[in-house]
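Hi everyone, thanks for coming. Have a look at the model on the screen, and then I'll talk you through it.

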Amino acid sequence: MLQAISLAAALTAFWVLLSGYWIPLILCLGAASILACVYIARRMEIIDHEGHPIHISFQGITYFPWLLKEIVLSNIAVAKAILKGGSAIRPQVLQVPASQRDALGQVIYANSITLTPGTVSIGIDEGVITVHALMDETADGLRTGDMNARVCRLEGDPDPRRIAGGGQP
Amino acid sequence: MAALIDIASWALILGGVAFSLIGAYGMIKLSDVYARMHAASLIDTLGIGLIFIGMMLQAGFTIVTVKLVLVLVFILFTSPVATHALARAAINEDVLPVVDTETERQMAASNKTKSSEFGT
């Protein structure tokens, strides 16, 4: 129910921002379509923690700016490598662990890998993501597991590095 | 003030154009489909990102800016899915990445979708 209300609120904000009209007829049509959307989504049972993940909203405040910074940095690195050519480019395939507990977290991690230029996720299988990397630099950045840990934190999961270490940091 | 915003927006749009051109050049120059996808992701991250921020500066605090932000967010959410689908399609057609070692080739090949996953 909470997720249905949150979906309705998001759709209302979306409608108002996109239309920009305050005529009663238009507003009534908007309200009707929002109610129809929420009703259909509930009937289809697609409003769950995957379709409407309100549980990650607050952690996203720190994750998305960090992701944007990574995107800018690797954009510059890949652009330099393309212009330089030759030995700067060394395509490689590697596998990295995805420690997120559920499918949504692993999808966020795989999408973050793909969104960052220089690395593309080409397969996910039981907690392991296969990645194609363009250069040593971008592959090494992924091997550190920093992004993996941050996506775990985004979902409220424990830090995988502490579990792997087996003790208190 | 208006001149400053114009200069900033010009700089951002030209920056976006530069990244798009480098991406396009990379798509022609790089060796295989996987390497070319990396060049394409230059275009749909910083390429359009900078162009959109430049356009937002031109639009100012209006409803147009809100729409530009939404379009940018949707592109950032959907483009990795399209890239991943492209990579999976390549693997399923036995187009494997050009890499140094046989192990890496095997790693990529192991992601081929088995026919049983389609229920056949």
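I'll take the two chains in turn and then the place where they touch.

A bit of housekeeping first. This is a predicted model, so keep in mind that local features need pLDDT of at least 70 and side-chain atom pairs count only at pLDDT 80 or more, while totals for chains, interfaces and linings use all residues. Residues are numbered from 1 along each chain as its sequence is written, and chains are lettered from A and ligands numbered from 1 in the order in which they are written.

Okay, chain A. It has seven helices and three strands; here helices (H or I, at least four residues) and strands (E, at least two) are DSSP runs, numbered from the N terminus. If you walk along from the N terminus, you meet them in the order α-α-α-β-α-β-β-α-α-α.

So how do the strands go together? I'm calling two strands paired if DSSP finds at least two bridges between them. Strand S1 of chain A, residues 92-97, pairs antiparallel with S3(A) over six bridges. Within S3(A), the residue facing Val93(A) is His132(A). Strand S2 of chain A, residues 119-125, is also joined to S3(A) by six bridges, again antiparallel. There, Thr119(A) sits opposite Ala133(A) of S3(A). S2(A) and S3(A) make a hairpin with two residues between them, and in that turn Glu126(A) has a positive phi of about 40°.

One general point while we're on strands: in a regular strand the side chains alternate between the two faces of the sheet.

Next, is S3(A) buried or exposed? I should say what I mean: a residue is buried if 20 or more other C-beta atoms lie within 10 Å of its own, exposed if 12 or fewer, and partly exposed in between, with C-beta atoms placed from the backbone. Five of the six residues of S3(A), which covers 128-133, are buried, so this strand is largely enclosed by the rest of the structure. For chain A as a whole, buried residues are 28% of the 169.

A word on contacts: two residues are in contact if their C-beta atoms, placed from the backbone, lie within 7 Å. Looking at contacts in chain A with a separation of 6 or more, 64% come from residues 24 or more positions apart.

One more spot in chain A. Glu45(A) is in the loop between helix H2 (24-43) and helix H3 (60-84). Its phi is positive, near 55°, and it isn't a glycine. Glu45(A) counts as exposed because it has 8 other C-beta atoms within 10 Å.

Right, over to chain B. Here we have four helices and zero strands, so to speak a plain α-α-α-α along the sequence. Its C-alpha atoms fill a box of roughly 60 × 35 × 20 Å along the principal axes. The radius of gyration, taken over C-alpha atoms, is compared with a globule rule of 2.2 Å times the number of residues to the power 0.38. A compact globule of 120 residues would come out near 14 Å, but chain B has 19 Å. Buried residues make up 30% of chain B's 120 residues.

Let's zoom in on H2(B). It has 27 residues and spans 38 Å from first C-alpha to last, close to the expected 39 Å; that expectation is 1.5 Å times one less than the number of residues. Where does H2(B) bend? At Ile48(B), by about 25°, with the bend being the angle between axes fitted to the seven residues ending there and the seven starting there. Right after H2(B) comes Gly60(B), with a positive phi near 70°.

Ala11(B) belongs to helix H1 of chain B. The C-alpha atoms of Ala11(B) and Gly54(B) are 7.7 Å apart, although 43 residues separate them along the chain.

In the loop between H3 and H4 of chain B you'll find Asp94(B). Asp94(B) has a positive phi too, about 65°, and is not a glycine.

Last stop, the contact between the chains. It uses 33 residues from chain B and 29 residues from chain A. On chain B's side, H1 (2-29), H2 (33-59), H3 (63-92) and H4 (102-109) each give two or more residues. Which element gives the largest share? That's H3(B), with 11 residues. The chain B side divides into 21 nonpolar, seven polar and five charged residues, where Ala, Val, Leu, Ile, Met, Phe, Trp, Tyr, Cys and Pro count as nonpolar, Asp, Glu, Lys and Arg as charged, and the others, Gly among them, as polar.
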